[in-house]
Amino acid sequence: MSETHPRNPRVLIGYGLVVIVAVALDQWIKFWVETHMAMHERIDIVPMLALFRTHNTGIAFSLLSEFGSVGLVVMTGAVTLFVLYLAAKSEPHQRWARLGFALIIGGAIGNLIDRVWLGYVVDYVLFHLPNWSFAVFNLADAFITVGAMLVVLEEIIAWRKSRTPS
């Protein structure tokens, strides 16, 4: 088994550490927000970025909140298992995709912990302009988004390589 093979123990430990760091950082920030900020309190960081404490009972953009916590826990668990399956099936050369899968899993676990223990997800990142604001999200959501972008990037690179004459 090569040094870069996805099932090599050293590679698994590396991606496992990415997951652990993502979960730990996400949970640490959420704990700080929950213990140091009042609900709907806003702390401006830079002109277009603020911390804004809120709770999300759904998934992205509060979608599917009608599923309830148990339904969303089951759905998140199933999606996480599917991403683990995809990661296990990845090829040794798909490093960006494997990093992306680790970030997606770390973000999903971070939000899953909230949902299991609190019944909601703690959101706190607010991008805004004077007359517009983006949905409030958290670091776990950012990890999921960046991870998905890395998986897509890997697929685009592979597609372009397959179309280039050898």
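**Phe127, helix H4 and the overall chain**

Let's start with Phe127, which you'll find in strand S3, the stretch covering residues 121-129. Keep in mind that this is a predicted model. Phe127 counts as partly exposed because its relative accessibility is 39%, and the cut-offs for that class are 20% and 50%. Phe127 also helps make a nonpolar patch on the surface.

**The surface patch**
- Phe127 shares the patch with Met48, Leu129, Trp132 and Phe134.
- Together these residues make a nonpolar area of about 510 Å².

**Helix H4**
- H4 takes in residues 139-163, so to speak 25 residues' worth of helix.
- From first C-alpha to last, H4 reaches 36 Å, close to the 36 Å you'd expect at 1.5 Å a residue.
- Asn138 caps the N-terminal end of H4, with a side-chain oxygen sitting 2.9 Å from the backbone nitrogen of Ala140.
- Ala140 is itself one of the buried residues of H4; the others are Leu139, Phe143, Gly147, Leu150, Val151 and Glu154.
- An α-helix has 3.6 residues a turn, so residues three or four places apart point the same way.

**The chain as a whole**
- There are four helices and four strands in the chain.
- Reading from the N terminus, the order of elements is α-β-β-α-α-β-β-α.
- Of the 166 residues in the chain, 34% are buried.
- Among contacts with a separation of 6 or more, 63% come from residues 24 or more positions apart.
- The chain's accessible surface is about 10,200 Å², and carbon and sulfur atoms account for 71% of that.

Definitions and conventions. Residues are numbered from 1 along each chain as its sequence is written. This is a predicted model: local features need pLDDT of at least 70, side-chain atom pairs count only at pLDDT 80 or more; totals for chains, interfaces and linings use all residues. Side-chain values use heavy atoms; hydrogens and water are left out. Helices (H or I, at least four residues) and strands (E, at least two) are DSSP runs, numbered from the N terminus. The expected span of a helix is 1.5 Å times one less than its number of residues. Buried means under 20% relative accessible area, exposed over 50%, partly exposed in between (1.4 Å probe, protein chains only). A polar contact is a pair of N or O atoms within 3.5 Å; within protein, one must be able to donate a hydrogen and the other to accept it, and residues adjacent in sequence count only if both atoms are side-chain atoms. Patches are made of residues with over 30% relative accessible area and no salt bridge: like charges are joined within 9 Å, nonpolar side chains (Val, Leu, Ile, Met, Phe, Trp, Tyr) within 5 Å. Accessible areas come from the Shrake-Rupley method with a 1.4 Å probe; for residues, only the protein chains shown count as cover. A salt bridge is a side-chain nitrogen of Lys or Arg within 4 Å of a carboxyl oxygen of Asp or Glu. Contact means heavy atoms within 4.5 Å.
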